[in-house]
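Reader: I am new to this structure and should like to understand the terms used to describe it. Please set each term against its definition.

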Amino acid sequence: MEIGKYIDETVTTWQEQRPDLDFTPMGYMLRFHAMAEAAVVKIEIITKSHGLTVGEFDVLATLRRHGATSTLTPSFIAEVAMVSPSGLTHRLTQLEQAGHIIRSADNSDRRSSLVSITTSGAAVADQIIELIAEHSTRMYNAIPAKDLDQFNHVVSLVSQQLELKVVTS
């Protein structure tokens, strides 16, 4: 069954069983989840083909997008990559062993270290981001720009609700 039909069927059958509840928003969430899941699966395939996990790529991408010669602190990387410090430590260890990053002492703060991307790390990050960008372009090319602008606006509104914790309260 096509994903859209499955979602419609789920919403319809729930509505029949529980007419006292509105399942339309659940349909939105299911569609968004299906879309996000498909994107994550594609990104996993791309990163795995380059010997990385999505999380490891996220760290490399954070370093790379701040400039090929940038040096960042682990706490900054953890914050922008939305990962716990312990989760980041494992990723940094894997990336360092693969030769994609270098960790060095932070002379201004002995409790911290600095992380820099290597030439090979930047090359891998560039290869992966090119494939992700190409895939994203193919995926959205058939949709009119006006519709994509409207979609982006709606996603921004939902994101604002999440930030306000309206949805999680």
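**Helix α4 and its surroundings**

Author: Pro74, Ile77, Ala78 and Ala81 of helix α4 (residues 74–81) are buried, where buried means under 20% relative accessible area, exposed over 50% and partly exposed in between, with a 1.4 Å probe and protein chains only. This is a predicted model, in which local features need pLDDT of at least 70, side-chain atom pairs count only at pLDDT 80 or more, and totals for chains, interfaces and linings use all residues. Residues are numbered from 1 along each chain as its sequence is written, and side-chain values use heavy atoms, without hydrogens and water.

Reader: What puts the buried residues on the same side of α4?

Author: They cover an arc of only 100° around the axis, which puts them on the same side; the arc is that of the directions from the helix axis to the C-beta atoms. Ser75 and Glu79, on the face turned away from the buried side, are exposed.

Reader: Against which elements do the buried residues of α4 pack?

Author: They pack against α3 (54–65), β1 (71–72), α5 (85–97) and β3 (113–117).

Reader: Why are α3 and α6 called roughly perpendicular?

Author: α3 and helix α6 (residues 119–140) pack at an angle of about 105°. Angles of 65 to 115 degrees count as roughly perpendicular, under 35 as roughly parallel, over 145 as roughly antiparallel and the rest as oblique; α3 and α6 are therefore roughly perpendicular.

Reader: Which residues of α3 meet α6?

Author: Phe57, Leu60 and Arg64 do, contact meaning heavy atoms within 4.5 Å.

Methods. Helices (H or I, at least four residues) and strands (E, at least two) are DSSP runs, numbered from the N terminus. Axes are lines fitted to C-alpha atoms, for helices over the stretch in contact, and angles run from 0 to 180 degrees between N-to-C directions.
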